[in-house]
Amino acid sequence: MTKTQTKAQSPSRSESPAQVQAPRRVPGGKSYRVRLGSWWWALPALVLMLVVIYATTIAGGFFAFTNWSGLGPFDFVGVANFVKIFQTPELIGSLWNTLFLAFGFLVLTNVFGLLFALALNRSLKSRYVLRTLIFMPVVVSPIAVSYIWKFIFDYNGPLNQAMTAVGLPKQNWLADPALAIWCVLIVLVWQNIGFVMVIYLAGLATVPIEMEEAAALDGAGPFKRFRYVVLPQIQPSVAIATTLTLIQGLRVFDQVVALTGGGPAGATQTLALEVYQTAFTYQQFGFGAALALVLSLLILIFSVAQQYLTRDRSLKEA
């Protein structure tokens with residue numbers, strides 16, 4: 001074999017060994033297998049979500065236009081169930097009670113949650129212990145919390161005993177129509193302040209302390225620093241907290257059942273409780289499904305409106 005042939009068979013010096021020995025790869029083959037595997041892993045959760053959430057929601061929307069009792073045959077009644085809802089004074093009262101609890105819960109929980117977050121953000125030495133104490137009611141069952149407060153609101157309970165000790169008359173807290181709904185609101189706010197506080201603490205952690213110090217050096221007081229420095233920075237936390245509290249307030253159920261059962265005289269009756277009683281107590285499943293659909297639409301409308309009002313200013317300008 002000549003030197004010329006040997007030189008032609010051997011790799012050129014300009015080519016690296018890695019370039020000569022590197023195997024050929026199929027473009028996109030491995031990434032496709034990874035995506036397919038991810039879909040297979042998520043498939044059980046997707047099927048469960050479709051069956052439990054979306055299929056049942058569609059079925060409930062379908063039965064809202066029928067007179068089904070939960071068993072046996074049914075007939076289509078069109079929008080008769082919805083007309084009946086807005087022609088029944090008791091249901092209109094339940095709607096107003098729901099809106100009162102929802103917006104009262106929205107305002108009070110966010111105000112007190114933000115105040116606690118500002119107070120326990122940086123400077124206080126015992127802030128970690130106080131954060132834990134304020135957050136503790138969140139992890140307790142709403143039914144258990146409601147029964148504890150029912151004992152407190154009892155006519156011979158600790159609250160009335162404390163009032164008589166200072167010379168004030170006793171009150172029928174849960175038996176007075178004018179006071180009962182406020183008692184429900186107090187329990188709702190008390191249990192969820194810690195949850196909202198944690199959301200705002202997460203937002204306050206993203207505010208650079210240098211910005212607040214610079215504003216203070218420029219002569220801005222505490223309120224102006226909060227208004228023009230802190231509040232714009234925690235806008236995402238405000239949106240999250242207000243959305244969650246609005247939805248929770250519109251679908252309040254456990255506290256009403258445990259404290260008053262919707263009484264006295266329907267003073268604390270809510271749409272969520274009306275849905276349960278109509279469908280499962282009075283066996284009017286079609287009418288109850290119509291009430292549930294109205295409640296779902298209310299939650300959707302108010303949530304979208306609230307998201308629009310609390311969205312980031314940069315998105316509004318975009």
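The largest pocket in this predicted model takes up a volume of about 380 Å³. Its lining is built from 15 residues, and those lying nearest the centre are Thr 56, Thr 57, Gly 60, Ala 292 and Ser 296. As for where the wall comes from, three helices each chip in with at least two lining residues: H3 (29-63), H14 (271-281) and H15 (285-310). Sorted by class, the lining of the largest pocket holds 9 nonpolar and 6 polar residues, with no charged ones.

Next comes the second largest pocket, with a volume of about 300 Å³. Here 14 residues do the lining, and Leu 118, Asn 121, Arg 122, Glu 212 and Arg 225 sit closest to the centre. Helices H5 (89-119), H10 (209-217) and H11 (222-233) each hand over at least two residues to this second lining. H11 gives the largest share, at 4 residues. The mix of classes in the second largest pocket runs to 8 nonpolar, 2 polar and 4 charged residues. So much for the open spaces; what about the enclosed ones?

Rolling a probe the size of a water molecule over the atoms shows where empty space is left. With a lower limit of 30 Å³, the count of cavities comes to 1. About 40 Å³ of space lies inside the largest cavity. Around that space sit Ile 85, Phe 86, Leu 91, Ile 92, Leu 95, Leu 271 and Val 294. Helix H4 (80-87) and helix H5 each bring at least two residues to the cavity lining, and H5 provides the largest share, 3 residues. In terms of class, the lining of the largest cavity comes out as 7 nonpolar residues, with no polar and no charged ones. H5 therefore turns up twice in this tour, with at least two residues in the lining of the second largest pocket and the largest share of the cavity lining.The outside of the protein has a feature of its own. A nonpolar surface patch of about 1200 Å² is made by Trp 39, Trp 40, Leu 43, Leu 46, Val 47, Leu 48, Met 49, Leu 50, Val 51, Val 52, Ile 53 and Tyr 54. One of these residues, Val 47, has its place in helix H3, a helix that also supplies at least two residues to the lining of the largest pocket. Val 47 counts as partly exposed because its relative accessibility is 42%, between the cut-offs of 20% for buried and 50% for exposed.

Terms used: Residues numbered from 1 in each chain as written. Predicted model: local features only at pLDDT ≥ 70, side-chain atom pairs only at ≥ 80, totals over all residues. Heavy atoms only, no water. 1 Å grid on protein atoms, 1.4 Å probe; cavity = no way out; pocket = protein on both sides within 12 Å on 5 of 7 lines; lining within 4 Å. Points joined across faces, edges and corners; volume = space filled by probe spheres on them. Nonpolar A, V, L, I, M, F, W, Y, C, P; charged D, E, K, R; others polar. Patch = residues over 30% accessible without salt bridge, like charges linked within 9 Å, V, L, I, M, F, W, Y side chains within 5 Å. Areas by Shrake-Rupley, 256 points an atom, 1.4 Å probe, with all protein chains shown as cover. Salt bridge = Lys/Arg side-chain N within 4 Å of Asp/Glu carboxyl O. Buried < 20%, exposed > 50% of the residue type's maximum accessible area, 1.4 Å probe, protein only.
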